[in-house]
Amino acid sequence: MNDPVGPARSLCLIGCGPRGASIVERILANVPALYGDRPLDLHIVDPYPPGAGRTWRTDQPGLLWMNSAAEQVTMYPDESVACAGPPRPGPTTAGWLGAPLHDGAYAARRDQGRYLRHFFETVTRELPASVRLFVHRARAVDLRRSPAGTAPGGRGRQQVILDSGQPPFFADRVVFAQGHTDTLAAPAPAGLTRIGPGPADPEALAAVPPGARVLVRGLGLVFIDCLVLLTEGRGGRFVRPAPGGPLRYLPSGREPRLYAGSRRGVPLPPKPAYAPQAVPRAAPDTRAAPAAPRFATVDACRAVLSRPGASFGGEVWPLVVAELGWCHYRALFAGQPARTRMSWPDFDAQYALLHPDADRLAKLAREAVPDPADRLDLDRLADPLAGLRFAGPDDLQHRLRGLLAEELRRRTGPASGVATALVDGLQRAGAVIEELWRSGELSAGQLAEALTHFALGTYLSSGPPPLRAEQLLALAEAGVVTFVGPGMRVTAVPGDGAGPGDGGVPGHGGVQGHRALPGDGAVRSVPGRAVFRATSPALPGTVYEADILLDARLAAPEPDRVTDPLLRALLSRGELVQEGPEDGAAGLLRLSGADLHPVDSTGTVHHDRTIAGPAQFPRPHTDAVYFRQNDAIARGLLTDD
Ligand SMILES: Cc1cc2nc3c(=O)[nH]c(=O)nc-3n(C[C@H](O)[C@H](O)[C@H](O)COP(=O)(O)OP(=O)(O)OC[C@H]3O[C@@H](n4cnc5c(N)ncnc54)[C@H](O)[C@@H]3O)c2cc1C
């Protein structure tokens, strides 16, 4: 019956969180023009509800919030998106929810899940008659090729094997949209508990006894999630005794004591207070974010990258730094002109002439902005505790609480326009780098360098909502959270008779817990018992010990530690290959370039497979690369070889 048009092409998406759902939307948007009424089967595989997937499941605690302002999140590609497929305008998360948001701007993650499920239902509600949709609520555990010659390219169709006992089905083309996959945690020695790495796990956290000491590694977003579940989630309350005054924490008595640190030793700075549709001031001094980068444009980056021997750090990064400086000073001149001693047009003109020469830009900034505290100092922002030593734990706590309070003032007070401008600049520069990366214009080495440099961007721009940072400050003041210090090092000391000092902590001059330290919470070590032990080189002689280690961070992809059965199967047969440390992008799957097809261990490109990794949500009206790339993937799935 189908002879004139041939058998149905079968497409399969493994994983249907936001990325998979967006690709489904793009496939359906492109079918009429690219595939006409030829029969098409669309298989979706995910154990979680399509659209929301695992990260945005609607049954998670309401205390877990998004870190993006709901007004800046959309799943609908609007007219700004320069892609070949048609636009599909639709509401942002804020527009769709239409309800009051947390901290004035942020949706609960489960509400984002409702938006995402609604998005998926909307785009799949009215399918063309030629398209059949199959939703498999299961995990894909393997992908096997049937004999060659039955699919375009002569490779053979692929059989998708599920863990649900459902019979396998055939797919001609497969997209992997699996998000952040888990990695095997290092085992904890007997008697000790280790939680994570990975997203906050409410069940594992619920098992932490009240009053237990917990070492926490990581001060980022997963830390904030864990913190809120272990405090407010256990009945503690945040109150503000005086309007506009500081927040206080009223404990329930059921919270553990957390000893938290990281490489930098400081929590992520919060997002700047969100000002929807900031009103532009008189031109040219405007507080509104510029629409496009001024210096770190895609074309400028491309031009410097095309130089022989170009590196990311040497050529592209100076453009990014110049961009960030320009955003910072533009906002300073607009919002606090009294703190400058030059007119903006003069500064702007000189800046454009001098960039990207960092020394000359710094000289210009010294001339135009008298107070060093008003100048952009990326090194200080990136590592505020670098090189510092502290007299004792109280000294460190005092310093960190002061830093947190200062960050909150900078990002939510009257001068927050400067912080907002920097974050906007970082996001725009990040989008340019993402574009270069996703279009295959960065070599593996350049990508590795870009990821290292852009860790700063992530640190400065991906923080929690300001209210969460204020809550952290209140918890530190209440003694629920004690900061361990920068360069945090954790060792597991086994329990078989190894007493204090046997844990391999270099320069360890005794366990601080033996001394009474009012309020610092350092523990008394019990000789012979297994413990996790945390130290910081900035706090010599202080050791924190606990039975529980919480790795509060997402797992970095690591060769040999993959837990996903599908990836394990394909890696074990050499059909997928992870980059090694020598390639600078350890753990990432080896891909063919911008078209995102995997390369196997023989160097063969699998054109009927596409790897679509996780990405931040796109912002409306920004021609987001997210939509452009998903559109290109969808069109590739619908076109003939
Ligand atoms: C806790 C957390 C909070 C975040 N908050 C934000 C935020 O506020 N703003 C922002 O912009 N970004 C945020 N992100 C970034 C995040 O990566 C994206 O928002 C988004 O979820 C990524 O979409 P995705 O579809 O690629 O991955 P996911 O949302 O993780 O979806 C992947 C899906 O693949 C499925 N899957 C995996 N393996 C298999 C298999 N073998 N078989 C079948 N199905 C499989 C999973 O079940 C999952 O549903 C957050 C990430 C995390 C982890």
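In the predicted model, five strands form an open sheet in the order 10-19-11-14-15, and the pairing within this sheet is parallel. Strand 10 (193–195) and strand 15 (481–485) occupy the edges, and because each has a single partner strand, one side of each is left without a neighbour in the sheet. From one strand to the next, the twist of this sheet averages 25°. At one of these edges, strand 10 runs parallel to strand 19 (residues 548–551), to which it is joined by 3 bridges, and I195 has L550 of strand 19 as its bridge partner.

A further open sheet of 5 strands, again described by parallel pairing, has the order 5-2-1-9-20. Here the edges are taken by strand 5 (131–136) and strand 20 (609–611), each of which has a single partner strand, so that one side of each is left without a neighbour in the sheet. Neighbouring strands of this sheet are turned against each other by 15° on average when direction is ignored. The pairing of strand 20 is with strand 9 (residues 173–176), which runs parallel to it and is joined to it by 3 bridges; within this pair, V175 stands opposite T610 of strand 20.

Antiparallel pairing is found in strands 6, 7 and 8. Strand 6 (residues 140–145) and strand 7 (residues 158–162) pair in the antiparallel sense over 5 bridges, with R144 standing opposite Q159 of strand 7. Strand 7 in turn runs antiparallel to strand 8 (residues 169–171), the two being joined by 3 bridges, and Q158 stands opposite A171 of strand 8. The hairpin of strand 7 and strand 8 has 6 residues between the strands, and in this hairpin G165 takes a positive phi near 85°.

Two helix pairs were also examined. The axes of helix 1 (residues 18–35) and helix 16 (residues 625–638) come within 8 Å and cross at roughly 50°, which makes helix 1 oblique to helix 16. The crossing of helix 1 past helix 16 is right-handed. Helix 1 contributes S22, I23, R26, I27, N30, V31, L34 and Y35 to the contact, whereas helix 16 contributes N630, D631, I633, A634, R635, L637 and L638. Divided by class, the contact of helix 1 with helix 16 has 9 nonpolar, 3 polar and 3 charged residues.

Helix 7 (residues 312–335) and helix 9 (residues 358–368) pack at an angle of about 10°, with their axes 11 Å apart. An angle under 35 degrees counts as roughly parallel, and helix 7 and helix 9 are therefore roughly parallel to each other. On the side of helix 7, P318, V321, A322, G325 and Y329 meet A358, L361 and A365 of helix 9. The contact of helix 7 with helix 9 has 7 nonpolar residues and 1 polar residue, with no charged residues.

The surroundings of the ligand were considered next. Of the 30 residues around the ligand, those that come nearest are G15, G17, R19, G53 and G179. Helix 1 and strand 3 (65–69) are the elements that give two or more residues to the shell around the ligand. By class, the residues of this shell divide into 13 nonpolar, 12 polar and 5 charged.

Notes
Residues are numbered from 1 along each chain as its sequence is written. This is a predicted model: local features need pLDDT of at least 70, side-chain atom pairs count only at pLDDT 80 or more; totals for chains, interfaces and linings use all residues. Axes are lines fitted to C-alpha atoms, for helices over the stretch in contact, and angles run from 0 to 180 degrees between N-to-C directions. Helices (H or I, at least four residues) and strands (E, at least two) are DSSP runs, numbered from the N terminus. Angles under 35 degrees count as roughly parallel, over 145 as roughly antiparallel, 65 to 115 as roughly perpendicular and the rest as oblique. A crossing is left-handed if the near helix is turned anticlockwise from the far one by less than a right angle, and right-handed if clockwise. Two residues are in contact if their C-beta atoms, placed from the backbone, lie within 7 Å. Ala, Val, Leu, Ile, Met, Phe, Trp, Tyr, Cys and Pro count as nonpolar, Asp, Glu, Lys and Arg as charged, and the others, Gly among them, as polar. Two strands pair if DSSP finds at least two bridges between them. A residue is near a molecule or strand if its C-beta atom, placed from the backbone, lies within 6 Å of it.
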